[in-house]
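Before reading on, take a moment to look over the sequence and the model. The paragraphs that follow lead through it step by step.

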Amino acid sequence: MTQHADAAVGGTEQVRRARFAIASVFTVHGAVTGSFATRVPWIQDHAGVSAGQLGLALAFPTIGASVAMPLAGRISHRFGARTALRGLLALWTLALVLPALAPNLPALCAALFVYGATAGMSDVAMNALGVEVENRLDKSIMSGLHGMWSVGALTGSAAGTVAAHLGTDARLHHSVAALMLTVLGLAACRNVLDPRRGPDEEPPPRFTLPPRSALVIGAVGFCAVFAEGASLDWSAVYLRDVLDGSDGLAAASTTAFALMMAVARIAGDRIVDRFGAVRTVRTGGVLATAGGLLVVTAPAPAAAMCGFGLLGLGVAVVVPLAFAAAGRGGPNPSQAIAGVATITYTSGLIAPSAIGSLAEATSLVVSFGVVTVLAFGLVLGADVLRAGDRRAASAPAGGAAAAKSPARG
């Protein structure tokens, strides 16, 4: 084997290890979220807050993430992508302990702000490195990575459910979980890529508005995340209150939505590689729109459940593809991904309350009519992902290779 062949094999093996490593990072990140979500009732009782006060406190993770995410690019530039991810992921896993320690509402809001800030910065860092691996493999992996995040969230929530069932103090549960996830996260970060930037590259500013390309891509992500948040939080209520479904059927509708999202994300990479990001998102928008129409016209719970399943199937891969397009659409992937992430986080924050407010003023049927319109926005807006679409942008004679950075870690 020639020296060049040895180097090629070594580089390929490094990228394969990096793919497994970044998938593990996504899984750890999701596990923190799942671990926290299952103990929210315990945290509410420990802090002595009402339902309304808890709702206020639960806005602070998104506020913290939105404020801190623009910093991720500068941190990665200053310390290097691998070191930055290692540190930010460790801060996120350790931040899991904070909410359970909060004795009152102000402390809980502060803890959740830090929890959200570390979540957002590590989210940007891991998505940027996920895009880097995807570029080097020259095939879609972002949907699968987000699928692994869902696997982690499911694992964390399962462990949290067991802990809650056993009556375990959440301070103990989250301390043990944080320690284990920190160790796993640090181990996973050992093999992630460490792309080196050019010596003359300017560091990104501490705070800046997202680039215009990120705003446009983020608008598509906004539509998908709004539909996701509305369906996850309101599908069970819709079946119970609008269609007189039983509690079991109502819960099953949420499960159907989440299951279709998870399945679509795991399988999404093969579909994207075959059909491209634009066609995939446009087709997903058609499915989501059909699902929304089925929900608002459903005469019985079974039809509405099918509609929610189609919504989950249609929106599942949009956010991973939006991150991928942002990461490939400009000279500063972290900054662009931070912009898209800020928009999608905001959408996830406002969707449940917006649906509730609109339902109070009109009806839940009207609220999901709005969701259906936003789902159709995916059909109209899919073209904005063309700049990051590997199939659309591919060119013969090594065009893809020429677009990659010459400096590799």
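In this predicted model, the buried residues of helix 13 are covered by surroundings that include helix 11, helix 12, helix 14 (301-315), helix 15 and helix 17 (364-381). The residues of helix 13 that are buried are Ala277, Val278, Thr280, Val281, Gly284, Gly285, Ala288, Thr289, Gly291, Gly292 and Val295. Helix 13 itself runs over residues 277-297, and its 21 residues reach 30 Å from the first C-alpha to the last, which is close to the 30 Å expected at 1.5 Å a residue.

With that helix in view, it helps to step back to the chain as a whole. Its secondary structure comes to 19 helices and zero strands, and of its 409 residues 49% count as buried. If one takes the contacts between residues at least 6 apart in sequence, 85% of them join residues at least 24 apart.

An example of two residues that are distant in sequence can be found in the loop between helix 11 and helix 12, where Leu243 lies. Leu243 and Pro299 are separated by 56 residues in sequence, yet their C-alpha atoms are 7.4 Å apart in space. Leaving aside neighbours within four places in sequence, Leu243 is in contact with Tyr238, Ala298, Pro299, Ala300, Pro301 and Ala304. Leu243 counts as buried because its relative accessible area is 15%, which is under the 20% cut-off.

Helix 8 offers another element to follow from end to end. Its 33 residues should span 48 Å at 1.5 Å a residue, and the C-alpha atoms at its ends are 47 Å apart, so the two values agree. Helix 8 is mostly covered, with 26 of its 33 residues buried. Pro106, however, which is found in helix 8, is exposed, since its relative accessible area is 60% and the cut-off for exposed is over 50%. In space the C-alpha atom of Pro106 is 9.5 Å from that of Ala47, although the two residues are 59 apart in sequence. At the start of helix 8, a side-chain oxygen of Asn104 comes to within 3.0 Å of the backbone nitrogen of Ala107, while just after the helix Asp138 takes a positive phi of about 60°.

The next stop is the largest pocket, which holds about 1900 Å³ of space. It is lined by 47 residues, of which Thr33, Trp149, Ala153, Glu228 and Leu232 are the closest to its centre. The elements that give two or more residues to this lining are helix 1 (3-37), helix 4 (60-68), helix 8 (105-137), helix 9 (142-165), helix 11 (212-241), helix 12 (247-275), helix 15 (318-328) and helix 16 (333-361). Sorted by class, the lining has 27 nonpolar, 16 polar and four charged residues.

One last residue to examine is Ser35, which is found in helix 1. Is Ser35 buried or exposed? Its relative accessible area is 4%, and therefore Ser35 is buried. A polar atom of the Ser35 side chain lies 2.8 Å from the backbone oxygen of Ala31. Not counting residues up to four places away in sequence, Ser35 touches Leu96, Gly156, Ser157, His173 and His174.

Key:
Residues are numbered from 1 along each chain as its sequence is written. This is a predicted model: local features need pLDDT of at least 70, side-chain atom pairs count only at pLDDT 80 or more; totals for chains, interfaces and linings use all residues. Side-chain values use heavy atoms; hydrogens and water are left out. On a 1 Å grid over the protein atoms alone, a cavity is a set of points where a 1.4 Å probe fits but cannot get out, and a pocket is an open set with protein on both sides within 12 Å along at least five of seven lines; lining residues have an atom within 4 Å of a point. Grid points are joined across faces, edges and corners, and a volume is the space filled by probe spheres set on the points. Helices (H or I, at least four residues) and strands (E, at least two) are DSSP runs, numbered from the N terminus. Ala, Val, Leu, Ile, Met, Phe, Trp, Tyr, Cys and Pro count as nonpolar, Asp, Glu, Lys and Arg as charged, and the others, Gly among them, as polar. The expected span of a helix is 1.5 Å times one less than its number of residues. Buried means under 20% relative accessible area, exposed over 50%, partly exposed in between (1.4 Å probe, protein chains only). A polar contact is a pair of N or O atoms within 3.5 Å; within protein, one must be able to donate a hydrogen and the other to accept it, and residues adjacent in sequence count only if both atoms are side-chain atoms. Contact means heavy atoms within 4.5 Å.
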